[in-house]
Amino acid sequence: PEYEFLLTSPINGRIEQIILNAGEPVKAGQSIIQLNKESTLTEYDKLKDEQQVNLNKISQLKLNLEKNLNDLETQFSIKELKIKSLETALDHENSLLLVGGSTKENVKQSELNLSIARHELKQLENLIKNQKEMMKVDVNSLGFEMKIQEKSIKEYERKLKQAEIQSPKNGVVTWVKDVIGSTVSEGAEVARIADLSSFKVEGS
């Protein structure tokens with residue numbers, strides 16, 4: 001025959017059933033060997049469980065980060081109110097100083113208190129900004145892990161669908177690994193299909 005197709009195992013597993021033997025005709029898409037999918041299913045289920053854990057992690061992470069952010073924003077609002085109060089207190093001390101009802105030391109202390117509060121407000125502002133950036137990075141990082149995991153899950157789904165070895169073409173089974181119960185590794189040859197409709201003639 002001009003064409004011979006080598007069929008390989010898509011998974012690590014055991015041969016569960018021989019559907020067609022050597023010498024039998026086969027149609028495109030027809031099954032030849034059925035592999036046991038138990039070990040692959042175990043790995044697949046493990047990946048699915050891990051993905052669910054990741055989903056829970058990302059939900060918990062978002063909740064924690066949002067709580068921290070809300071706490072900081074509440075502190076920021078309180079600090080803004082305090083600054084307004086300190087600004088009023090400073091104006092009051094300056095007014096009293098003009099009429100002799102206060103001292104320069106009191107004014108300086110009010111100015112210092114206001115300066116400290118403004119500095120703390122700036123620190124909170126930076127902290128909120130950093131918290132938002134951290135939230136974005138952490139969520140993106142977990143999201144990236146989940147995308148990789150999702151690719152692995154889809155690959156296992158593909159392999160599970162192919163655990164029933166099928167012929168890609170019409171032809172004849174020329175060889176099949178026909179020992180039921182024997183183990184095969186992913187990529188190992190399990191059958192050969194020949195296209196008997198055309199032959200390659202070589203001159204001598």
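**Group meeting: strands, helices and charged pairs in a predicted model**

Four strands form an open sheet in the order S5-S4-S2-S7, and their pairing is antiparallel. The edges are taken by strand S5, residues 164–166, and strand S7, residues 183–184; each has a single partner strand, so one side of each is left without a neighbour in the sheet. I should say at the outset that this is a predicted model.

Let me go through the sheet pair by pair. Strands of a sheet pair through backbone hydrogen bonds, either parallel or antiparallel. Strand S4 covers residues 31–35 and is joined to S5 by three bridges, the two strands running antiparallel. Within that pairing, Ile33 has Ile165 of S5 as its bridge partner. S4 is also joined to S2, again by three bridges and in antiparallel fashion. Here the partner of Ile18 in S4 is Ile33, and the partner of Gln17 in S4 is Gln34. Ile33 therefore has a bridge partner in each direction: Ile165 in S5 and Ile18, for which Ile33 is the partner in S4. How much of S4 is buried? Five of its five residues are buried, so the strand is mostly covered.

The remaining pairing concerns strand S2, residues 13–18, which two bridges join to S7 in an antiparallel arrangement. One bridge partner there is Thr183 in S7, which faces Arg14 as its partner.

I turn now to the helices. Does the span of helix H1 agree or disagree with what its residue count predicts? Helix H1 has 61 residues, 38–98, and at 1.5 Å a residue these should span 90 Å; the C-alpha atoms at its ends are 90 Å apart, which agrees. Just after H1, Gly100 takes a positive phi of about 80°.

The loop between H1 and H2 contains Thr103. With a relative accessible area of 35%, Thr103 is partly exposed. How far apart in space are Thr103 and Gln166? Their C-alpha atoms are 96 Å apart, while in sequence the two residues are separated by 63 residues.

For a view of what H1 meets along the way, consider Lys79, which has its place in that helix. Lys79 has a relative accessible area of 15%, and because the limit for buried is under 20%, this lysine counts as buried. Which residues does Lys79 contact, once neighbours within four places in sequence are left aside? They are Ala117, Glu120, Leu121 and Leu124. Helix H2 comprises residues 104–161.

The next topic is the salt bridges, of which the count comes to seven. I shall present three of them.

In the first example, Asp71 forms a salt bridge with Lys67, and the closest N and O atoms are 3.3 Å apart. The two residues are four apart in helix H1, which means that about one helical turn separates them. Asp71 is partly exposed, at 35% relative accessibility.

The second example pairs Lys122 with Glu125, with closest N and O atoms 3.7 Å apart. Both residues lie in helix H2, three residues apart, about one turn of the helix. Lys122 is partly exposed at 46% relative accessibility, and Glu125 is partly exposed with a relative accessible area of 39%.

The third example is the salt bridge of Glu186 with Lys159, where the closest N and O atoms are 3.0 Å apart. This pair links distant parts of the chain: Glu186 is in the loop between S7 and strand S8, residues 189–195, whereas Lys159 is in helix H2, and the two are 27 residues apart. Is each partner buried or partly exposed? Glu186 counts as partly exposed at 44% relative accessibility, while Lys159 counts as buried at 11%.

Lys159 appears once more when we come to the aromatic rings. It lies over the face of Tyr156, at 5.5 Å from the ring centre. In a further case, Arg192 lies over the face of Trp175, at 5.1 Å from the ring centre. How many aromatic pairs does the structure hold? The number is zero.

To close, I return to Lys159 in helix H2: this buried residue has a salt bridge with Glu186 and a position over the face of Tyr156.

Key
Residues are numbered from 1 along each chain as its sequence is written. This is a predicted model: local features need pLDDT of at least 70, side-chain atom pairs count only at pLDDT 80 or more; totals for chains, interfaces and linings use all residues. Side-chain values use heavy atoms; hydrogens and water are left out. The expected span of a helix is 1.5 Å times one less than its number of residues. Two strands pair if DSSP finds at least two bridges between them. A salt bridge is a side-chain nitrogen of Lys or Arg within 4 Å of a carboxyl oxygen of Asp or Glu. Buried means under 20% relative accessible area, exposed over 50%, partly exposed in between (1.4 Å probe, protein chains only). Contact means heavy atoms within 4.5 Å. Rings of Phe, Tyr and Trp (its six-membered ring) pair if their centres lie within 6.5 Å; planes under 30 degrees apart count as stacked, over 60 as edge-to-face and the rest as tilted. A charge sits over a ring if NZ of Lys or CZ of Arg is within 6 Å of the ring centre and within 35 degrees of the ring normal.
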